[in-house]
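Student: I have a new structure open and no clue how to read it. Can you walk me through it?
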Amino acid sequence: MSGVMKRMGMIFRAKANKALDRAEDPRETLDYSYQKQLELLQKVRRGVADVATSRKRLELQLNQLQQQSGKLEDQGRKALALGREDLAREALSRRAALQQQVTDLQTQHATLQGEEEKLTLAAQRLQAKVDAFRTKKETIKATYTAAQAQTRIGEAFSGISEEMGDVGLAIQRAEDKTAQLQARAGAIDELLASGALDDPSGLAKDDIQTELDRLSGGTDVELELQRMKAELAGGTSADRQAIEGGTGEGRPQQQPQDTPRFDKQ
């Protein structure tokens, strides 16, 4: 049972694969692949834009912290100038904390800038691949379309295409029916001529007349044959006239010896 199920599964997959192969159009597959590559390129570009946006935010934060650090430094100097060392120490302490934040942000900024450069380079390479694929795709599609048209023209000329095959079958059926009708008509004529079938219209000849027509036709043939023999043998006009006025057996009659002959003046 397991072997039978495996075999059935294999047959089903083979038939499904064959059906899919017939339904698949390479041009549609190429267009779909190109669309997917464009979507991937769009995602990469969106990633580059997100990284660039994060980098820009870090730059804004760095500028703000650096401004605050400069402000605290100025406050410390003023406090020292006024003899308030405690205020100056507080200002410098806050500035040191800000400097730590600035250092951390600068590290993150450098990391984001490196990632942005990598993504930008990857986007450029992907763009080049997509452009190359598009060119190849259009070339393959044009070649496939030309080959498909050439194949259809060849099939049409050879008569093996599906459409021309239907036309050929229709012609063959028409010829077969015509031949069948001709054979049936000939058989009916023979049966009517032989008397096996009666003609209700009364237009058909009876058997005696048919036989007389046949004998008469044979006599005509014999007379024509004798005439041709006389012409080939160089016979006289009198011989030819004798042949033309011959008997039913096709032999020329002999003129009487005592019959006078008159020459025309």
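Student: Let's start with the elements. How many helices and how many strands are there in the protein?

Tutor: Count each kind, then read along the chain. In this predicted model, you'll find six helices and zero strands. From the N terminus, the order is α-α-α-α-α-α.

Student: What does the pLDDT average in the protein?

Tutor: Think of pLDDT as the predictor's confidence in each residue. The average here is 77, and 68% of the residues score at least 70. Helix 2 has the highest mean among the elements, 89, while helix 6 (residues 237-244) has the lowest, 54. Over residues 247-265 the pLDDT drops below 50. Where pLDDT is low, don't read the predicted coordinates in detail.

Student: Okay. Which residues make up the largest nonpolar core?

Tutor: For a core, look for buried nonpolar residues joined through their side chains. Here the largest one has seven residues: L58, L62, L65, L72, L98, V102 and L105. Helix 2 (26-81) and helix 3 (85-158) each supply at least two of them, and helix 2 gives the most, with four.

Student: And what is V102 in contact with, leaving aside its neighbours within four places in sequence?

Tutor: That would be L62, L65 and Q66. Apart from this core lies another, of six residues, including Y34, L41, A123 and L126.

Student: What share of the residues counts as buried?

Tutor: Buried means under 20% relative accessible area. Of the 265 residues, 13% count as buried. The protein exposes about 21300 Å², and carbon and sulfur atoms supply 55% of that.

Technical notes
Residues are numbered from 1 along each chain as its sequence is written. This is a predicted model: local features need pLDDT of at least 70, side-chain atom pairs count only at pLDDT 80 or more; totals for chains, interfaces and linings use all residues. Side-chain values use heavy atoms; hydrogens and water are left out. A nonpolar core is a set of buried Ala, Val, Leu, Ile, Met, Phe, Trp, Tyr and Cys residues joined through side-chain atoms within 4.5 Å. Buried means under 20% relative accessible area, exposed over 50%, partly exposed in between (1.4 Å probe, protein chains only). Helices (H or I, at least four residues) and strands (E, at least two) are DSSP runs, numbered from the N terminus. Contact means heavy atoms within 4.5 Å. pLDDT is the predictor's confidence in each residue, from 0 to 100. Accessible areas come from the Shrake-Rupley method with a 1.4 Å probe; for residues, only the protein chains shown count as cover.
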